[in-house]
Every structure is written in structure tokens, then in C-alpha cells.
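Please look through the sequence and the model below, and then follow the helix packing and one side chain in turn.

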Amino acid sequence: MSSSSQLRSLNINNINPHVKEAKYAVRGELAVRSEKYRAQLKKGYPPTPPEEPLPFDKVISANIGNPQQLDQKPITFFRQVLSLLEYPPLLDNEDVLRNGLGYKQDVIDRARWLLNECHSIGAYSASAGVPAIRESVAKFIERRDGYPSDFGDVYLSAGASSGVNTLLHIICAKPETGILVPIPQYPLYTASLSVLNARCVPYYLDESQAWGTNLPEIRKAYDKAIAEGTDVRAIVVINPGNPTGASLSADDVRGVLEFAAEKRLVMMADEVYQTNVFKGKFHSFKKGLRDLQKANPGGKYDNLELASLHSISKGMVGECGHRGGYFELVGFDKEVVEQIYKFVSISLCAPVAGQCLVEMMVNPPKEGEPSYELYRQEYDGIFQGLKERAQALFNAFEEMEGFSCQDPQGSMYLFPTITVPPKACAQASKENRKPDEFYCFRLLDATGVCVVPGSGFGQKDGSLHLRTTFLAPGTDWVGRITRFHREFMDEFRD
């Protein structure tokens, strides 16, 4: 213990041990080093002694799905409405807005409506969110799935992460509580379970089947956990997948729902990438559940508890920093819902600007409205750009020695398998790193491209992966990766 720690109440040995145990790879040591490099580049040249010149002129943060940091442009309609919400006196000069600044009438009308509903985005809203915005979300869900949605079941949140946090706090009643989590997975789930002193019950996705769910694997994980004394209470599915990019079929969705009903598990459907589907189509768990209930009236599916989550952070919206999202509850006991409401009330409400962006995401300009043409052009342009960059990165990986990658299906990521020479594994061991960590640190140091090792998401023993976004524009950074990989393999080749 340092001498200074003796003068303070808190030290590393007496803080919450569960916080210390939590790991969050996408913002871990690699990300910290990349920010150090970014700050160094910002200082310019020559570098300040004792810093050495860096072998790159730009850091590419391919470690996290942060679209606008990587130059994805905001949707004009969203930002114009938001500007009026932030400074309502602009609405006193509609002629200037229309004729001088190019604001369309539907922008002005939407801003006035939202202000009428929330009064001010600088004020707290109701704990579950602005009622009119929750109604817009419910109507969106109805249009998407073809089944009714009640706005009373919709809770607006500070991104989907906040909704996950709420649900896990409610479900995890004791240290023996277990949650089935897909592996590889977004580390939000394992980190949150660590903090809650609950158990992650990992089930492996099937890489040979494009990272689809594997029901025998889920059953195996469930049975093992039960035998070990774990009280398994819920199952998480991320669809489309993070980090894998997989988009589940309707049969996959139905199979998981049937299993959840059989074992009386809460179904948590993380669907934040639902508009990022490049192959096939998105199948929501809400529709899957309603289809099962329709086919089996008065059956075992009527009491299945489903929580579906969505967010403004991903897709073509990409408004991560505004922290907006929602979750919808289906089939939950009334008394449990009251406790969920109490829990969200402790945080008062989600950011109201984020709530307004949720409303615009689920209720964008419609065909025939003044802003529709530009909205459609921007939305489709972003989607096509993501699809093309995903394919370009996939093609590059396919050409790289020791790389194997599934076709890009959706979300914002590729999760290739990597095979490195034994000498690289030995060097990684000398540096007290896992081989995929070692590879990713060497990649960052040589190119400025920051990715995340597969070990940060979980992977089968003996396999190595990395996760990268395909958000960054251009192809120069892809070339950096291919050149580095060739040199890395030559350096460590037997």
C-alpha cells in the first residue's frame, strides 16, 4: 500500500471488489493507448521529447461502434429538429428558418410538437419517458411486427445499455442468479453481471453456421449451470450480433423463444442493430413471440417474459453521444413492472434530447413530406456505404494469410478467426499477453488502427479472433492492416 493511500478513505483494496473484477474490452488498455497516440498526434511534429515519432498520421478507432467519430454524417432532419429544441426562440423566425437556413416545414412542425409534449428538453420528463414519444415507439413496433404494442410497456432509456442495466438489476436477486449469455458477446453483459455479483452462463454461438444460435449448445450450458447450483433466470440474444455481425433467421428466433418458455426464462432481446442487416431480413423476438402465441392460443407462451431493446446509437442514426434508447416489456407480472418503474425513477429520466431523437428514429419523415427526399438519400447513402465497406474489409481478410471470416450479414462488425505462428504465441507469452492481444497491440503500434482481441468477447479455447468495425471511411486503413499482417507473419514465421 502506498503512503499516500494511507491518508485517504479509499484505496484499491477496500473499494467494491466486483467493480475491480469487471472487464470491458472495447474501452480497455488498447483503447487507452490509442487515445494516448491520438493526443500525441494532435500536438503535431516534431514530437515532444522523450516521445518518438509515430509511424502513422491518424488513429482509426475501429474498436467501438461510434459512427460519428468515424465521420458518419448526422441525418439532417434529426439535427435540424434538435437545433430548434435546443433553442426554441429560433421558432419565432420561421421565414428565416425556411428561406435563409433551408429548414423544411415538417422540421418546424416536428419541433413544435415535441416542445409541446416535453415543454423543454432541459426539463425532466416522466420517469419512463415522455408519454407521446412512448406512443410513437409503440406505433413503430406495431408497424414493424404487425401486432399491437401498448405505450405503457415502453420505457425510454439512456441508450440500450441503461435498459440492460435496469433489467439485470431486477433479475439478479442473489449471487447464484445466472444469465445465459452468447459467446462471443458484447462485454456489457459480463461486466454488468460481475458488478452485480451474479453468474454469467456462457453458451457458444456456432461459427461454422455463420455464428447462429445452437440449441443443443444452449441446453448443454443450461444443464451444466443448473447442476452447479446456478439459478438460471434469463437468456440474452444479440440480434444482429455483436461482435459477430450474424443476423438470426426466423427459425433461430423461434427456437430460442421455445427454449425460454420451456425453462421459464426471461428473454432479453438486444436488437440495437436491427436496421443494419445486409443479407436476409431482421426478425424481431416480439414478432416471433406473437406468432407463437397466435399458433398456440392459451398455451405455454402466454406468460413468456420478453424484454426487447433498441437504441439511437447504431444503424443509420448513429447518435451515440445523445444517449437514447428504449425497451419494451411483454408478459411481465404487474408487481415486477412496478419495481422496474421504481428502479428507472431512481435515475429520474433518460436524457430528453435523446428521447426526442428516439421519436425521430421511429417516426422519420414519410414519403410526400418535405424532408423525405433528403432523409431517404442520406439514410440509403449511409447504409450502402456501410455495406460496401463491410464487403471490402471482408475481401481483404479473405486474402490475408491465416485469416478466416464469415460473410458480413449485419451490425457494424466483422469477427474474423486469426491464426498466428507459434513464435508469435511464444512472444506473446513472454509479454504476458494472450496471442490475440499481442497481435492487436502490435497492429495499433504499427498502424494506428485500434481493434479488439476476441478474448475480450469470449471465444472457444484454442481459437483466436479480433473484432473490428467497418465504420471508418476510405480504404487506406484497410491497406495498413494488410501490410502490417504480411510483415507480422514474415517476422514470426518458422
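At roughly what angle do the axes of helix H7 and helix H12 cross? The axes of H7 (residues 159-171) and H12 (residues 334-346), helices being DSSP runs of H or I with at least four residues, numbered from the N terminus, come within 10 Å and cross at roughly 130°. Here the axes are lines fitted to C-alpha atoms over the stretch in contact, and the angles run from 0 to 180 degrees between N-to-C directions. The model is predicted, with local features needing pLDDT of at least 70 and side-chain atom pairs counting only at pLDDT 80 or more, while totals for chains, interfaces and linings use all residues. Residues are numbered from 1 along each chain as its sequence is written, and side-chain values use heavy atoms, with hydrogens and water left out.

H7 and H12 are therefore oblique to each other, given that angles under 35 degrees count as roughly parallel, over 145 as roughly antiparallel, 65 to 115 as roughly perpendicular and the rest as oblique. H7 passes H12 in a right-handed crossing, a term for the near helix being turned clockwise from the far one by less than a right angle. From H7, Asn165, Thr166, His169 and Ile170 meet Val336, Gln339, Ile340, Phe343 and Val344 of H12, where contact means heavy atoms within 4.5 Å. Sorted by class, this contact has five nonpolar, four polar and no charged residues, with Ala, Val, Leu, Ile, Met, Phe, Trp, Tyr, Cys and Pro taken as nonpolar, Asp, Glu, Lys and Arg as charged, and the others, Gly among them, as polar.

Within H12, Gln339 is partly exposed, at a relative accessible area of 37%; buried means under 20%, exposed over 50%, and partly exposed in between, with a 1.4 Å probe and protein chains only. Gln339 and Ile170 are 169 residues apart in sequence, yet their C-alpha atoms are 7.8 Å apart in space.

H7 also packs with helix H8 (residues 188-195), at an angle of about 40° and with the axes 11 Å apart. That makes H7 oblique to H8, and the crossing is again right-handed. Ser161, Val164 and Leu168 in H7 meet Leu188, Tyr189, Ser192 and Leu193 in H8, and this contact has five nonpolar, two polar and no charged residues.

Elsewhere, His485 sits in helix H17 (residues 476-492) and counts as buried because its relative accessibility is 3%. A polar atom of the His485 side chain lies 2.5 Å from the backbone oxygen of Glu401. Leaving aside neighbours within four places in sequence, His485 is in contact with Met400, Glu401, Phe403 and Tyr439.

Notes
Helix = DSSP H or I, 4+ residues; strand = E, 2+ residues; numbered from the N terminus. Polar contact = N/O pair within 3.5 Å; in protein donor to acceptor, adjacent residues only side chain to side chain.
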